[in-house]
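The following exercises are to be worked with the sequence and the coordinates at hand. Each task is followed by a stepwise solution.

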Amino acid sequence: MSLDFSFSEENVMLVDALGEAMKPWAGPRKAELTEMVSNSIFPQELWQTFADVGLMGCLVPEEYGGTDVGLLPLALGFEKIAAMGISPNILLVTCMDSACIARNATDAIKEQYLPDIVSGKSKFCFAITEADAGTNSFNMTTKATAVGDKFVINGAKSYISGFEVADYMLLVARTTSQEDSKDTKMGQYHGLSLFIVPTDAPGIEKQLMPMAFNEGVGQYSLYFDNVEVAADQVVGQVDMGALVMFNSLNPERILAAAMCSGMSQFSVNMAAEYAKERKVFRDTPIGCYQGIAHPLAMAKSEHEAARLLMLKAAWAYDQKWDAVKVGSLANMCKLMNSESALHSVDAAIETLGGSAFTVEQGLLPLWNGARLLKTAPVSKEMILNFIAEWELGLPKSY
Ligand SMILES: Cc1cc2nc3c(=O)[nH]c(=O)nc-3n(C[C@H](O)[C@H](O)[C@H](O)COP(=O)(O)OP(=O)(O)OC[C@H]3O[C@@H](n4cnc5c(N)ncnc54)[C@H](O)[C@@H]3O)c2cc1C
């Protein structure tokens, strides 16, 4: 067995090119970007930068315009963006949807959607959560009924991020009732299907959910009233969407972990720089005090460990390891990196004192972001449930 912790030249080049292209957004245009995010104005120019550098093509085969270089370089890209103090916005769901389409859809669907994702022309959101199902996706009731060569969708979704800027949504809906699915060979894994739905399809009503913080795009409650989708817009097979969906959530978790890793880097680095300069007693920089230095050193160590797990998970996904094993790694790395990001941001807040709470330092939005990523796209408790069941073989309590 060989272990090599160096990155390929390709990976380094992608991250360097991204860093170069992002420089204005982390420097002279940072205030402009912050203003746009706080006013929920979509940064289209930044989105195009992501596309031009090649991020949207990382999980897309070359025949559809992508580079197919894999999740590992994409994760390094997400980490870089976050390490520059910037949120990748709905890039996370668009890339996750691109991987789902590339791995599971028909050639016609791939041809129809992937080239426009790669070029930056199309944005995707992802709709799974429902008010009465929440963490228990099997309880979803949004229904897609086959009628001739169409499906007719009725129901409701909630917390759908970026619906207002997305062109399409990857929607999970029930094609067979939970009751009827129980008796099939696949049990509860039977009965769900994935659809690509244009966000302007007639019959969709949206309602902005008032959230306590602003991450640049809104979260929406969506109501589907006889929304028609052509039968050829199903990703994967009808009724077999649950496994496709769960496997597609793995890259989302790994990319969320990569964002957390970038947040850790950003906050620890900026706090260390601050601690070298700031003097409050005599001529001693506050970084000399172990009360300040040790939490930062601890956060740095924790981050290094969490990051390794994230890189391993991305690598295992690219190697097409068994889906359950990738699922475990994806879950574990999301858990460890979200905890690490929270500890890093907290240590940075402690270091900066009062100035941590100013808009200029940008630390409090990071706190919100890291805390959100501990709960969504999957909560800490559900991750621990998964690991207890699939890694340790412990009985399920729910
Ligand atoms: C800002 C934001 C953006 C989001 N974007 C999207 C999106 O784009 N698309 C989308 O589909 N969804 C989205 N979500 C939804 C998100 O994925 C869910 O909020 C999350 O998965 C948890 O579901 P819930 O809120 O219904 O919590 P609930 O299911 O009500 O759970 C509440 C608490 O109980 C715990 N719990 C539940 N069951 C168990 C159990 N068996 N064992 C232990 N603990 C348990 C949970 O871990 C959680 O802590 C978003 C949410 C937020 C806040």
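Two strands pair if DSSP finds at least two bridges between them; helices (H or I, at least four residues) and strands (E, at least two) are DSSP runs, numbered from the N terminus. The model is a predicted one, in which local features need pLDDT of at least 70, side-chain atom pairs count only at pLDDT 80 or more, and totals for chains, interfaces and linings use all residues. Residues are numbered from 1 along each chain as its sequence is written.

**Exercise 1. Determine the strands with which β4 pairs, and in which sense.**

Step 1. β1 and β4 run parallel and are joined by four bridges. Within this pairing, F124 has Y168 of β4 as its bridge partner.

Step 2. β4 is joined to strand β5 (residues 192–198) by seven bridges, and these two strands run antiparallel. Here L170 has its bridge partner, I196, in β5.

**Exercise 2. Establish how far β4 is covered, and which residues point each way from the strand.**

Step 1. A residue is buried if 20 or more other C-beta atoms lie within 10 Å of its own, exposed if 12 or fewer, and partly exposed in between, with C-beta atoms placed from the backbone. Strand β4 (residues 168–174) has seven of its seven residues buried and is thus mostly covered.

Step 2. In a regular strand the side chains alternate between the two faces of the sheet. From β4, Y168, L170, V172 and R174 point one way, while M169, L171 and A173 point the other way; all are buried.

**Exercise 3. Trace the pairings of β3 and describe the surroundings of N154.**

Step 1. Strand β2 (residues 143–147) pairs with β3 in the antiparallel sense over five bridges, and A144 is opposite I153 in β3. The two strands form a hairpin with two residues between them, and G148 in the turn has a positive phi of about 60 degrees.

Step 2. β3 also pairs with strand β7 (residues 219–230), in the antiparallel sense and over nine bridges. In β7, E228 is opposite V152.

Step 3. N154 belongs to strand β3. Because 16 other C-beta atoms lie within 10 Å, N154 is partly exposed.

Step 4. Two residues are in contact if their C-beta atoms, placed from the backbone, lie within 7 Å. Leaving aside neighbours within four places in sequence, the contacts of N154 are K143, F224, D225 and N226. The C-alpha atoms of N154 and Y223 are 7.6 Å apart, although 69 residues separate the two along the chain.

**Exercise 4. Is A242 buried or exposed, and what does A242 touch?**

Step 1. A242 is found in helix α8 (residues 241–277). A242 counts as buried because it has 22 C-beta neighbours inside 10 Å.

Step 2. Not counting residues up to four places away in sequence, A242 touches Y189 and L192. A173 lies 69 residues from A242 along the chain, with 9.8 Å between their C-alpha atoms.

**Exercise 5. Identify the members of the largest nonpolar core that touch the most other members.**

Step 1. A nonpolar core is a set of buried Ala, Val, Leu, Ile, Met, Phe, Trp, Tyr and Cys residues joined through C-beta atoms within 7 Å. In the largest one, which has 119 residues, A75, M169, I254, L255, M310 and A313 touch the most other members. Helix α8 gives the most to this core, with 16 residues.

Step 2. For A313, the contacts are I254, V326, L329, A330 and C333, leaving aside neighbours within four places in sequence.

**Exercise 6. Characterise the side of domain 1 that touches domain 2.**

Step 1. The domain assignment, whose bounds come from an automatic or database source, gives domain 1 (9–121), domain 2 (125–239) and domain 3 (243–390). The centres of domain 1 and domain 2, taken over C-alpha atoms, are separated by 24 Å.

Step 2. In domain 1, 17 residues are in contact with 16 residues of domain 2. On the domain 1 side, α2 (30–38), α5 (91–104) and α6 (107–119) each supply at least two residues, and α5 gives the most, with six.

Step 3. By class, this side of domain 1 has 11 nonpolar, five polar and one charged residues. Ala, Val, Leu, Ile, Met, Phe, Trp, Tyr, Cys and Pro count as nonpolar, Asp, Glu, Lys and Arg as charged, and the others, Gly among them, as polar.
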